[in-house]
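Colleague: I've got the sequence and the fold open side by side. Can we go through them together, from the overall picture down to single residues?

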Amino acid sequence: MALIKYILIVLHADDHGEGGTFALYSILRQHINFKGKIMMPARRLDLDANLKYFSRKNELQNKAHKFFDDNATAQTIITCLVLLGTCMVIGDGALTPAISVLSAVQGIQSRSSEITQGQVVGISVAILFVLFMFQRFGTSKVSFMFSPIMILWFLFTASIGLYNIITYYPAVLKAISPHYIYYFFRSQKLKAWSLLGAIALCITGAEAMFADLGHFSKDAIQVAFCALVYPSLILAYSGEAAFLIKNPEKMSTAFYSSTPAPFFWPMFIVATLAAVVASQSLISASFSIIRQSIALECFPRVTMIHTSAKHEGQIYSPEVNYFLMIACILITVGFKGGVEIGNAFGVAVIWVMLITTFLLTIVMIVVWRTNIVLALLFFLIFVAIEGLYMTSLLNKLLVGGWVPFAISAIFIVITLSWTYGRSKKAHYEEMTKISRNEFEQLVSYSTRVPGVCFFCTDLMNGVPPIVRHYTQLIGSLRQVTVFVTVRTLPIRTVLPSERFLVGKLEPKGVYRCLVQYGYMDSHTMVGDEYAESVIAALKSITNNEEEIAMLESALNDGVIFVLGRVILKMSEKQGCVRRFVIDNLYRFLQKNFRSNVATLKIPPQKKLEVGMLYEL
């Protein structure tokens, strides 16, 4: 599965270098016009197709493409699967550090019976705490050590595996042939199916390899896996199997028991360091996924800090980090290093793999235009394999397997509450936006004062209703008034030259500006830089010297940013569930998470917030 499915096929489904569940979703959003009610609908412009990093769309639609483009139910199913897969990866980010560090530290018990499980858990919690606290400094501070540690890890495990194969049972290498799977199932029947759940952890990590694609090149991953990782894993697992054939009583401590005594402590140190590196990869993937979710308006905005000036993908989110740390420590202490953590980890990984198979099949049909027979063959083969693993893990749901679903439920509630509130707000503004005639009257009745006013709004077309409220309260408008909407497109990045789309409105001195970002772009503009960039873009669309002079004069006279502080309230006519979501969940998220313009770093003296109640 790791070699054929992920290395040879899935890695090619990248969105200009970015991988993971949301990268697949991004590719689909570039080709399918999503209109579902669960997520914010894609706000498309014809000019989007001219962007450098926008995937070129084949104008000739096949029947499958047309089906997904027109079928809102199919789009809803895809969106739900994306949300579940994304949340499962985040759950993976809490489970991987727990199981990796615990598995490494438990090796001490094979050398001393006096060390209790409680002490192992305590040491593991201490390592995990330091690991999560270190995230604020960024992986760039220690990333130079990652490659040597992992090379040592694979060389150690491969060498010891080869030693065990030669020493205990050389014929074990015959198991590499896939036809032995048939014999195994034929002889063991139902027991063989149940044992699949016990070996599910052998295939974990492939999903993280795809999720972390943005940190490495595709070619580097493929070469490293085929030349080093895959051979090392075959030798390591074959070596453990050979050891257990002769020493079946050592099943619970097979890894460290099969390590020759002189190499125990070097292996223990390398294994612990490798566990930290593996944990780091899933923590970084969680940060990246949350960032993509925020950019595509699927998750409330949290703090995103860039920890490296050289690498765009190296980011840190304090809120996400502390959530993962608390969840990870609770899992470690709560299950005390038992099999429940392994069960939870296996369930999360298999579900992510199943969802990836489903989404990639749609990408094959809609985007790659793969022959339908080949696409279905891929789907049936891997769904059959992963389905067997998934069903064999069903009996473990009550024994730890519920954990990833619990973590996913938390994030899904946040995501659905947020997107529902945002969609209701957008719908209200679209229905109550100010008409052209009314806006011209508002301007004519208002005093025009020197300076520039930026109205930040989510409305791409038309004038938002909060402008009516603003003019009634203030009674004036700036000489230059610009309605600014920030768009995050379902593409990796937008070039600086493609950042601004500007246009003139009526009456004189009123403009529209769309500021475009990709989901991996950082919104790093500060207030003054933002204002100068927008005015420069406005000057570029006019040859009128008087208008250019007006824009320059207004910029020198001062800038103010007007932000709408909108409160949503469901009317009593709506159902109790909708009222609870909007009046409680969405309002809580709105108050406790960052606003969309918080990243602009607007000086307080240049910011004016106008409050308004939207009764839905």
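**Overall picture**

Modeller: Of the protein's 616 residues, 50% count as buried. Keep in mind that this is a predicted model.

Colleague: How many helices and strands does the protein have?

Modeller: Helices and strands were both counted along the chain. The tally is 22 helices and eight strands.

Colleague: Among contacts between residues at least 6 apart in sequence, what share joins residues at least 24 apart?

Modeller: Take the contacts in the protein between residues at least 6 apart in sequence. Those that join residues at least 24 apart make up 80%.

Colleague: And what part of the accessible surface belongs to carbon and sulfur atoms?

Modeller: The accessible surface of the protein comes to about 28100 Å². The part that belongs to carbon and sulfur atoms is 64%.

**Cores**

Colleague: Which helix gives the most to the largest nonpolar core?

Modeller: That core has 104 residues, and those with the most contacts inside it are Leu28, Ile78, Ile290, Ile331 and Ile350. The top contribution is 18 residues, and it comes from helix H14 (residues 339-366).

Colleague: How many residues are in the other core, the one with Phe439 and Met612?

Modeller: It lies apart from the largest one. Among its members are Phe439, Val467, Met570 and Met612, and its size is 26 residues.

Colleague: Back to Ile350: what is it in contact with, leaving aside neighbours within four places in sequence?

Modeller: Ile350 is among the residues with the most contacts inside the largest nonpolar core. With those sequence neighbours set aside, its partners are Ile203, Glu386, Tyr389, Met390 and Leu393.

**Strands**

Colleague: Is strand S4 mostly covered or mostly open, and how many of its residues are buried?

Modeller: S4 spans residues 476-489 and is mostly covered. Of its 14 residues, the number buried is eleven.

Colleague: Which residue in S6 stands opposite Val486?

Modeller: S4 and strand S6 (residues 510-518) run parallel and are joined by nine bridges. Within that pairing, the residue opposite Val486 is Val515.

Colleague: On the S3 side, which residue stands opposite Leu477?

Modeller: Strand S3 (residues 447-456) pairs with S4 in the parallel sense, over eight bridges. Opposite Leu477 stands Arg448.

Colleague: Following S3 to strand S7, which residue in S7 stands opposite Phe455?

Modeller: S3 and S7 (residues 559-569) run parallel, with five bridges joining them. The residue opposite Phe455 is Val562.

Colleague: And which residue in S8 stands opposite Gly564?

Modeller: S7 is joined to strand S8 (residues 607-615) by nine bridges, and the two run parallel. Facing Gly564 is Val610.

**Salt bridges**

Colleague: What is the N to O distance between Glu430 and Lys433?

Modeller: The structure holds nine salt bridges, and this pair is one of them. Glu430 is partly exposed at 34% relative accessible area, and Lys433 is partly exposed too at 32%. Their side chains meet at 2.9 Å.

Colleague: How many residues apart in sequence are the parts tied together by Glu546 and Lys508?

Modeller: The two side chains meet in a salt bridge, 3.7 Å from N to O. Glu546 lies in helix H21 (residues 545-556) and Lys508 in the loop between strand S5 (500-504) and S6, so the pair ties together parts whose separation in sequence is 38 residues.

Colleague: Are those two buried or exposed?

Modeller: The cut-off for exposed is over 50% relative accessible area. Glu546 has 56% and Lys508 has 57%, so both count as exposed.

Colleague: About how much helix separates Arg587 and Asp583?

Modeller: They form a salt bridge, with the closest N and O atoms 3.8 Å apart. Because they are four residues apart in helix H22 (residues 576-592), the separation is about one helical turn.

**Two more spots**

Colleague: How big is the nonpolar surface patch that includes Val373?

Modeller: Val373 sits in helix H15 (residues 372-392) and counts as exposed at 56% relative accessibility. Together with Ile372, Leu376 and Leu380, it makes a patch of about 380 Å².

Colleague: How far apart in space are Leu3 and Gln222?

Modeller: Leu3 is found in helix H1 (residues 2-7), and its contacts beyond four places in sequence are Leu8, Phe225, Cys226 and Tyr230. Leu3 and Gln222 are 219 residues apart in sequence, while their C-alpha to C-alpha distance is 8.9 Å.

Notes:
Residues numbered from 1 in each chain as written. Predicted model: local features only at pLDDT ≥ 70, side-chain atom pairs only at ≥ 80, totals over all residues. Heavy atoms only, no water. Patch = residues over 30% accessible without salt bridge, like charges linked within 9 Å, V, L, I, M, F, W, Y side chains within 5 Å. Areas by Shrake-Rupley, 256 points an atom, 1.4 Å probe, with all protein chains shown as cover. Salt bridge = Lys/Arg side-chain N within 4 Å of Asp/Glu carboxyl O. Buried < 20%, exposed > 50% of the residue type's maximum accessible area, 1.4 Å probe, protein only. Core = buried A, V, L, I, M, F, W, Y, C linked by side-chain atoms within 4.5 Å. Contact = heavy atoms within 4.5 Å. Pairing = 2+ DSSP bridges.
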